[in-house]
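Subject: Structure for you to look at

Dear colleague,

Here is the structure I said I would pass on. Please open it first; my notes follow underneath.

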Amino acid sequence: MFQSQCITLFSLCALISGYSEEDRVRDLMSRYPLIDGHNDLALQLRKHYNNQLNHINFYDIKEIATDISRLQAGHVQGQMFSVYVLCGAQEKDAVRLTLEQIDVLKRMCTQNKDFELVTSTQELRDSHLKHKIACMLSVEGGHSIDSSLPVLRMFYQLGVRSMALTHTCNTPWAESSSKRYSFYQRQNNSLTTFGRAVVEEMNRLGMIIDLSHTSWGTAQAVLKLSKAPVIFSHSSSYSLCNSDRNVPDWMLKELKKNRGLIMVNFHSNFISCKREANISLVADHFDHIKNIIGVDSIGIGSDFEGAISFPKGLDDVSKYPALIKELLQRNWTEQELADILRRNFVRVFDEVEKMRDKMVMEPPSEVQISLEEVHNPCRLVLRHPDSPSASDQHGPSALHILLTAVLLLSTLSLL
Ligand SMILES: [Zn+2]
């Protein structure tokens, strides 16, 4: 009742003053432009253009939902661009494909004057002052590092500042919410010894850990272990739509304790659990999550270019103002909207950097995954049998024992 009175009052004032709700949204979003948690443009660049950028007009790409003109119309100032390769590349050429996707995003973000590649909160703030759209790189799926911390570190060197621990496939060290792929299906798979090392190394490097796509078991284990806030870069509320990609209320409460962030996904299948949805149903997810954990842990992670059906009126990157208008009409304050639009994300990124600074004296992790855990024909083993490895924590392998015996025998025969 009170809410509808406020809306009526505001509409009346707006009518008298000539300051419309659209003006109010535009003004708010100009001061607090959006940072969105997830966009799969790079995937579309590969699919539609084979990563050949020279003939693309980035201000007008009709085939898809994202281009610079529409990002500007939607008041998008920062975008986490997904570096994604399909799970089918696991145990094959996932690392090469990931490098190619990093390359295409870096080229796109340096060749277009309205984009800017950013790798820190300082650069993110500076890019806002320069009226640029900040590109941030986020690897989507731990299969991209091929169970190697050196690969993770090299991705960081190339500018990657976030990684989702899984996509729709398990890795040898973490579990996906999806059962679509047969990779590494096994018991007690949530987060192995090596998985824990990945989390710790991401904390040390200052990379944002993304739990969208992980199983609840993996998410829970990471929420307990991570020293820095984590994000769900593109997930919605499980209470309103019971997709395994969404987050249940009990986990939202764990996320709040971690000071992390859920960035609400617009994909209709995760909003209504059907192919159709509308802006009101999206706003319901924001209302629900706010009721459960408050506004400090909420952001926006549209999933444009990574999904097939979006709500009516929210179907490309120019349409974010329609959602903000809906939330204003539901009595969200301008301060709350400023938080979900950008301030919460900047706070999380800032805390991740602060943890990195705290851990600056810790050396790069030399934990390696055991050979048994990554046994596949595409992996050339160069490790000396006596070299220390994660497998040593579980006792020597059969191969290790055999090679040690051969070495001993050959030494004895020399005596
Ligand atoms: Zn995704």
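N331 sits in the loop that links α13 (320-329) and α14. Although N331 is not a glycine, its phi is positive, at about 75°. N331 counts as partly exposed because 14 other C-beta atoms lie within 10 Å. Please keep in mind that this is a predicted model.

A second residue of this kind is H131, which is not a glycine either and has a positive phi near 60°. H131 belongs to the loop between α6 (121-129) and β4 (133-140). With 11 other C-beta atoms within 10 Å, H131 is exposed, since the cut-off for that class is 12 or fewer.

Next, the chain as a whole. It has 15 helices and nine strands. Of its 415 residues, 44% are buried. Taking the contacts between residues at least 6 apart in sequence, 73% join residues at least 24 apart.

The largest nonpolar core is made up of 98 residues. A42, L105, C135, V222 and I262 are the residues with the most contacts inside this core. Helix α14 (residues 334-358) gives the most to the core, contributing seven residues. What does L105 touch, leaving aside its neighbours within four places in sequence? Its contacts are A42, F81, V83, C135 and L137. A42 and C135 are thus partners of L105 and are also listed with it among the residues with the most contacts inside the core.

I then looked at two helix pairs. Two packed helices are described by the angle between their axes and the distance between the axes.

The first pair is α10 (residues 249-258) and α12 (residues 279-293), which pack at about 60° with their axes 9 Å apart. The two helices are therefore oblique to each other, as roughly perpendicular would begin at 65 degrees. The crossing of α10 and α12 is right-handed. On the α10 side the residues involved are D249, L252, K253, L255 and K256, and they meet I289, I292 and I293 in α12. By class, this contact of α10 with α12 has five nonpolar residues, three charged and no polar ones.

The second pair is α7 (residues 149-157) and α8 (residues 193-205). Their packing angle is about 25°, and the axes are 11 Å apart. That makes α7 roughly parallel to α8, because the angle is under 35 degrees. The crossing of α7 and α8 is right-handed. L149, L152, R153 and Y156 in α7 meet A197, V198, E201 and L205 in α8. The residues of this contact divide into six nonpolar, two charged and no polar.

One last residue to check is M361, in the loop between α14 and α15 (398-414). Is M361 buried or exposed? M361 counts as exposed, because it has 5 C-beta neighbours inside 10 Å. M361 and R204 are 157 residues apart along the chain, and their C-alpha atoms are separated by 9.5 Å. R204 falls within the residue range of α8 (193-205).

Regards

Notes:
Residues are numbered from 1 along each chain as its sequence is written. This is a predicted model: local features need pLDDT of at least 70, side-chain atom pairs count only at pLDDT 80 or more; totals for chains, interfaces and linings use all residues. A nonpolar core is a set of buried Ala, Val, Leu, Ile, Met, Phe, Trp, Tyr and Cys residues joined through C-beta atoms within 7 Å. A residue is buried if 20 or more other C-beta atoms lie within 10 Å of its own, exposed if 12 or fewer, and partly exposed in between; C-beta atoms are placed from the backbone. Helices (H or I, at least four residues) and strands (E, at least two) are DSSP runs, numbered from the N terminus. Two residues are in contact if their C-beta atoms, placed from the backbone, lie within 7 Å. Axes are lines fitted to C-alpha atoms, for helices over the stretch in contact, and angles run from 0 to 180 degrees between N-to-C directions. Angles under 35 degrees count as roughly parallel, over 145 as roughly antiparallel, 65 to 115 as roughly perpendicular and the rest as oblique. A crossing is left-handed if the near helix is turned anticlockwise from the far one by less than a right angle, and right-handed if clockwise. Ala, Val, Leu, Ile, Met, Phe, Trp, Tyr, Cys and Pro count as nonpolar, Asp, Glu, Lys and Arg as charged, and the others, Gly among them, as polar.
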